[in-house]
Amino acid sequence: MPKKKKDEPVDPKNLKPEERMKFEIAAELGLADKVIAGGWRSLTAKESGRIGGLITKKKRELAQGNNH
């Protein structure tokens, strides 16, 4: 079975646009080194949930900013 992409270490210089925000939030939480070394799957459920919650919050704020 081929190795999943998310198991691989993350290169912050070569991110897709949708991953860029996710990585920026991980960096704000002090998790950038962990993600770079072990990929997204190296994060705990709590860390991943925190990132997901902040992504949702940021997207909501961006959408509201565009509506005003």
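This section describes the helical arrangement, the nonpolar core and selected residue environments of a predicted model.

The protein chain contains three helices and zero strands, and its elements follow the order α-α-α from the N terminus. Helix α1 covers residues 17-28 and helix α2 covers residues 32-38, while helix α3 spans residues 45-67. Of the 68 residues in the protein chain, 26% are buried. The accessible surface of the protein chain amounts to about 5200 Å², and carbon and sulfur atoms contribute 53% of this area. Among contacts in the protein chain with a separation of 6 or more, 53% are accounted for by residues 24 or more positions apart.

The largest nonpolar core comprises 14 residues, and those with the most contacts inside it are Phe 23, Val 35, Trp 40 and Ile 51. Two or more residues are given to this core by each of α1, α2 and α3. Helix α1 supplies the largest share, four residues. Trp 40, listed among the core residues with the most contacts, also takes part in an arrangement with a charged group: the charged end of Lys 22 sits over the ring of Trp 40, at 4.3 Å from the ring centre. A search of the whole structure for aromatic pairs, by contrast, returns zero.

Two loop residues were examined in turn. Leu 29 lies in the loop between α1 and α2. The relative accessible area of Leu 29 is 33%, and the residue is therefore classed as partly exposed, this value lying between the limits of 20% and 50%. Residues up to four places away in sequence being set aside, Leu 29 touches Arg 50, Ile 51 and Leu 54. One of these partners, Ile 51, is 22 residues from Leu 29 along the chain, and the two C-alpha atoms are separated by 8.2 Å. Ile 51 is also one of the residues with the most contacts inside the largest nonpolar core.

Leu 43 occupies the loop between α2 and α3. Leu 43 counts as buried because its relative accessibility, 9%, falls under the 20% limit. Beyond its neighbours within four places in sequence, Leu 43 is in contact with Leu 31, Lys 34, Val 35, Ser 48 and Ile 51. Two of these partners, Val 35 and Ile 51, are likewise listed among the core residues with the most contacts. The C-alpha atoms of Leu 43 and Ala 26 are 9.9 Å apart, with their positions 17 residues apart in sequence.

A further set of contacts involves Lys 34 and Glu 47. Lys 34 belongs to helix α2, whereas Glu 47 is placed in helix α3. With a relative accessible area of 32%, Lys 34 is partly exposed, since this value is neither under 20% nor over 50%. The side chains of Lys 34 and Glu 47 make a polar contact at 3.0 Å. In addition, the side chain of Glu 47 reaches the backbone nitrogen of Thr 44 at 2.9 Å. When residues up to four places away in sequence are not counted, Glu 47 touches Leu 31 and Lys 34. On the same basis, the contacts of Lys 34 comprise Gly 39, Ser 42, Leu 43, Thr 44 and Glu 47. Thr 44 thus appears both as a contact of Lys 34 and as the residue whose backbone nitrogen is reached by Glu 47. Lys 34 and Pro 9 are 25 residues apart in sequence, and their C-alpha atoms are 9.0 Å apart in space.

Note on methods
Residues are numbered from 1 along each chain as its sequence is written. This is a predicted model: local features need pLDDT of at least 70, side-chain atom pairs count only at pLDDT 80 or more; totals for chains, interfaces and linings use all residues. Side-chain values use heavy atoms; hydrogens and water are left out. Buried means under 20% relative accessible area, exposed over 50%, partly exposed in between (1.4 Å probe, protein chains only). Contact means heavy atoms within 4.5 Å. A polar contact is a pair of N or O atoms within 3.5 Å; within protein, one must be able to donate a hydrogen and the other to accept it, and residues adjacent in sequence count only if both atoms are side-chain atoms. Rings of Phe, Tyr and Trp (its six-membered ring) pair if their centres lie within 6.5 Å; planes under 30 degrees apart count as stacked, over 60 as edge-to-face and the rest as tilted. A charge sits over a ring if NZ of Lys or CZ of Arg is within 6 Å of the ring centre and within 35 degrees of the ring normal. Accessible areas come from the Shrake-Rupley method with a 1.4 Å probe; for residues, only the protein chains shown count as cover. A nonpolar core is a set of buried Ala, Val, Leu, Ile, Met, Phe, Trp, Tyr and Cys residues joined through side-chain atoms within 4.5 Å.
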